[in-house]
Structures are given as C-alpha cells and as structure tokens.
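Reader: I'm new to this one and would love a close look at a single part of it. Could you start with the aromatic rings and then show me what else there is?

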Amino acid sequence: MAKCTFSDPFEKARKEVGIGEMDDQNDPVKMVLGHKDVRRCAHNHKTFQSGAEPGRIVVPSEVNIRDIRQIPFEVDPPQHGSYRAVVEDWFKRPLEEEYTAQLEKQIGVLIDEALTKDSVEVINEFSLVLQSRALTLLFNVPFSESETWISWGTHVFRSEETALDAGKAQVLYDYIDKKLEESKQNPGDDFYSKLLAAEVDGKKLTDEEIKGVVVLTFSGGRDTVINAVTNSLAYFAENPASLERIKNEPEILNFAIEELVRYFSPLTHMGRVATEDTQVCEHAIQADTRISLNWASANRDATVFEKANEVVIDRKINPHVAFGFGTHNCLGATHARQILKVLIKTLIKKVDSIEILEADENIETLGEFKRKVGFNSIQMKFN
Ligand code: HEM
C-alpha cells in the first residue's frame with residue numbers, strides 16, 4: 001500500500017451505530033463518528049462541556065499529570081469568548097507580509113539543506129525543525145529559541161507511550177516560568193509580554209492563566225503540524241502529478257491545503273464531558289461521562305464527502321472539521337495553513353522529486369480501532 005494512504009478505521013461503526021467505544025484509564029470515551037453528530041455535539045457546549053477538570057477532555061486523559069487549565073481550550077462560553085478575544089488578533093499575524101516572508105526564508109533554507117543530503121529522516125530533521133522555527137514567528141521571539149524547542153524532541157508533549165509523564169511536562173513548565181519572569185523584567189513585543197499586559201473583563205490575567213495559554217500554544221501546534229507537514233510530503237512524493245497540477249493551476253492551492261488537512265486529520269478527536277444524562281445516535285450518555293468529537297471519522301463521512309477516502313486535490317466544497325468546529329475551532333489554523341502554503345510553493349520552486357526510502361508508521365489504538373496518524377520515522381530523499 002502507498003505510504004501516503006491513510007485508511008478510515010471508523011467507516012463500519014459510523015455507518016452502523018454512529019458511535020465507537022474505547023477505554024482510557026478507566027474513564028471510557030464514546031466517540032461520536034458522523035459528521036452531522038460531531039458538529040451538533042461541538043456546538044452544544046452546555047451539554048458537552050470543555051471546561052471540566054483540567055486534562056479530562058484530552059484523550060488519553062491528562063488529569064493525573066496536569067492541574068493547569070489550558071486556555072481558552074478548557075473553558076466554555078461565555079468566559080471562553082473573553083479569553084479568546086485576548087489572543088484572536090495575535091493568531092492572525094501569520095497573514096502579515098513580513099511573517100510570510102520570514103516563513104519563506106525558513107522553509108527555503110530547510111529544503112536547500114534537504115537537497116544536499118542522501119537521506120533525510122523527515123520527522124526529526126525536517127518537520128520538527130520546521131515546526132519549532134516557525135513557532136518563533138508566532139511567539140515573536142528570537143529564532144535561537146527554536147534550538148531549545150528542537151532539543152526537547154518530538155516526545156516532550158506527547159500523551160502516548162512515555163508521554164503520560166509529569167516529569168517531561170515539567171521541562172516545558174519550567175521553561176515557561178523562566179520566560180515569563182524574563183518578560184516581566186523586560187517587556188517586549190513577544191507573546192509572553194502581550195499576555196502579561198492583557199486584561200480579561202477588566203482584570204489582568206494571572207500567571208496560572210498565562211501559563212495555560214502558553215502551554216496550549218506549544219502543545220496544540222506540535223504533533224499536529226509535524227504530522228501535517230510529514231504526511232503532505234509523503235503524499236507529494238507518491239503523487240508528483242498533484243504538485244505539477246498546483247504549479248500549473250495555482251488557483252487550486254488553497255483547495256489542496258484544505259483537502260490534505262481533511263484527509264490526514266492530524267488530530268483524531270477531542271473529548272467533552274456530559275453535564276447531564278443525554279443521548280447521541282440513540283446511545284445513552286450519562287452525566288459526568290466522556291464523549292469525543294472524532295474529527296478524523298467525520299472527515300471521511302461519505303454522506304458529506306464524495307470519494308471520501310481519496311485525496312481530491314482540487315476539492316471545492318470541503319466542510320471538513322480537521323480544525324474543529326464552532327466555539328473552539330483551531331486558533332493556530334492560520335499559522336498551520338500558512339506553513340503548508342509556503343511549503344508547497346517552495347517544493348514547486350525547488351524540488352523535482354521526492355523518494356520515500358523507509359517508513360515506520362505511527363498507529364493510534366482507540367479501543368478496537370487502529371488509526372494511522374503519521375510516522376514515527378520516515379526517510380526521504382529530495383531531488
Ligand atoms: C483547537 C486541530 C494547529 C492551537 C483545535 C481543535 C482542533 C485543532 C481539531 C479543536 C479542539 C476542540 O474543539 O476541542 C489542529 C490541527 C492543526 C492545528 C489539525 C495543524 C494542522 C495548531 C497550531 C496551534 C494550535 C499551530 C498554535 C500554535 C490551538 C488552540 C486551540 C486549538 C489554542 C483551542 C482554541 C479554543 O479553545 O478556542 N486545533 N490544530 N493549533 N488549536 Fe489547533
């Protein structure tokens with residue numbers, strides 16, 4: 001099978017029952033699988049809340065390793081809107097010309113380097129580096145900070161394998177404490193200073209709240225971007241004609257980006273906690289139990305997407321939910337889309353072909369379902 005084929009493990013369950021079940025540290029999750037149901041539940045924050053115990057809406061649950069609330073992600077309306085208003089404009093900065101120019105420079109250098117090598121292990125040597133360097137633009141901090149972030153490796157924020165490891169998360173918390181202290185002493189134009197100066201409903205954010213925003217910005221955009229970049233490279237390696245088409249029809253570039261994000265759905269699902277006894281697809285959901293909104297499954301729903309299991313590179317109508325839906329839709333989407341846009345344009349400009357030499361797939365287990373989300377490692381040769 002092609003390396004860039006990502007099959008849909010939820011198809012049968014979605015069609016037959018609408019729900020998939022999995023256990024997670026004795027706090028089971030009923031995964032909502034259909035596109036319509038996912039959107040309906042995402043919209044209904046009163047019954048399916050994000051503002052439960054910190055860490056509980058994440059699957060695997062992080063309640064045992066974290067007590068800091070991630071903001072605005074683990075807050076429900078109306079407070080959610082007040083927090084989000086503080087950061088919304090900041091997260092639109094990727095649309096600025098200078099930001100894009102910097103991103104072009106960063107990605108150009110990485111591709112040039114890759115072209116000189118016989119083989120590149122894309123996860124660690126390319127995507128992690130790209131993700132970390134690009135994040136310095138979002139934080140508006142010196143480029144050199146990316147070296148620290150790269151040195152943490154891909155596993156520092158992961159909640160699989162070793163990941164439910166409070167010691168590892170502490171590296172990030174200590175780093176953030178230090179950076180906040182520096183920005184208090186020396187306010188500048190960086191994200192920390194912006195948050196330190198911000199007010200929500202007339203009150204300054206507490207250090208705890210600021211940490212909640214910063215931790216989320218680090219972790220929300222890590223694996224997701226790494227997988228989006230790596231999987232897109234694997235796709236273009238095996239489908240050079242698609243790259244050629246975008247080159248000849250640049251007007252389809254934005255459609256292509258949305259389609260790749262739909263197809264790969266880098267974040268499989270995200271939880272919610274029921275506030276009352278209710279039901280989804282005729283399945284009883286008890287108060288204080290968890291559901292999850294399975295974005296990956298919804299994005300393959302054949303009642304919404306024609307040829308749902310294919311990459312249709314110029315798909316025009318594409319109501320995918322890879323970046324979430326409604327209240328909590330992804331704040332980092334502008335940054336992520338800009339990365340993919342610059343990456344594709346740079347590939348068109350500089351690269352003739354990409355070969356996949358070796359790949360080790362990263363498979364998530366969700367109860368009876370096994371889903372490929374990306375690669376643990378993948379060697380490529382850029383020509
Ligand atoms: C929210 C996916 C990149 C920061 C979300 C949600 C999804 C998602 C599905 C909704 C979660 C929910 O409803 O509970 C993705 C994907 C990405 C990506 C697929 C890359 C391809 C990023 C980046 C950042 C980021 C780069 C920041 C650097 C956030 C934040 C939220 C969020 C802060 C919470 C927004 C809120 O609660 O109002 N993301 N994300 N994401 N994402 Fe992303």
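Here's what I'd like to know: are Trp152 and Phe218 buried or exposed?

Author: Both are buried: Trp152 is, and so is Phe218. Here "buried" means under 20% relative accessible area, "exposed" means over 50%, and "partly exposed" is in between, using a 1.4 Å probe and protein chains only. Before we go on, keep in mind that this is a predicted model, so local features need a pLDDT of at least 70, side-chain atom pairs count only at pLDDT 80 or more, and totals for chains, interfaces and linings use all residues. Residues are numbered from 1 along each chain as its sequence is written, and side-chain values use heavy atoms, with hydrogens and water left out.

Now the rings. Rings of Phe, Tyr and Trp (its six-membered ring) pair if their centres lie within 6.5 Å; planes under 30 degrees apart are stacked, over 60 edge-to-face, and the rest tilted. That rule gives 17 aromatic pairs. One of them joins Phe10 and Phe369, a tilted pair with 5.1 Å from centre to centre and 45 degrees between the planes. These two rings come from distant parts of the chain, 359 residues apart: Phe10 is in the segment before helix H1 (11-16), while Phe369 is in strand E12 (residues 369-382). Helices (H or I, at least four residues) and strands (E, at least two) are DSSP runs, numbered from the N terminus. Phe10 has a relative accessible area of 1%, so it is buried, and Phe369, with 5%, is buried too.

Back to your pair: the ring centres of Trp152 and Phe218 are 6.0 Å apart and their planes meet at 65 degrees, so this one is edge-to-face. It also links distant parts of the chain, with Trp152 in the loop between helix H6 (145-151) and helix H7 (166-185) and Phe218 in helix H9 (residues 207-220), 66 residues away. Your two rings sit in a cluster joined by ring pairs, whose members are Trp90, Phe91, Phe139, Trp149, Trp152, Tyr175, Phe191, Tyr192 and Phe218.

A little further along the chain is Thr224, in helix H10 (residues 223-238). Its side chain reaches the backbone oxygen of Gly220 at 2.7 Å, a polar contact (a pair of N or O atoms within 3.5 Å; within protein, one must be able to donate a hydrogen and the other to accept it, and residues adjacent in sequence count only if both atoms are side-chain atoms). Leaving aside residues up to four places away in sequence, Thr224 touches Pro266 and Leu267, where contact means heavy atoms within 4.5 Å.

There's an open sheet as well, with five strands in the order E1-E2-E10-E7-E3 and mixed pairing. Strand E1 (19-22) and strand E3 (48-49) are the edges, each pairing on one side only. Two strands count as paired if DSSP finds at least two bridges between them. E1 and E2 run antiparallel over four bridges, and Gly20 has Met31 as its bridge partner in E2. Their hairpin has six residues between the strands, and Gln25 there takes a positive phi near 50 degrees. Strand E2 (residues 29-32) also pairs with strand E10 (residues 290-294), in the parallel sense and over four bridges. For Val29, the partner in E10 is Arg290.

And where does the ligand come in? Its iron atom has Cys330 (SG) as the only protein donor, at 2.3 Å. Donors are N, O and S atoms within 2.8 Å of the metal (3.2 Å for Na, K and Ca), and water is not among the atoms, so sites may look incomplete. Cys330 belongs to the loop between helix H13 (295-298) and helix H14 (333-350).

One last stop is Glu355, in strand E11 (residues 354-366). At 40% relative accessibility, Glu355 is partly exposed. Its C-alpha atom is 5.4 Å from that of Met380, although the two are 25 residues apart along the chain. The side chains of Glu355 and Asn383 make a polar contact at 3.0 Å.
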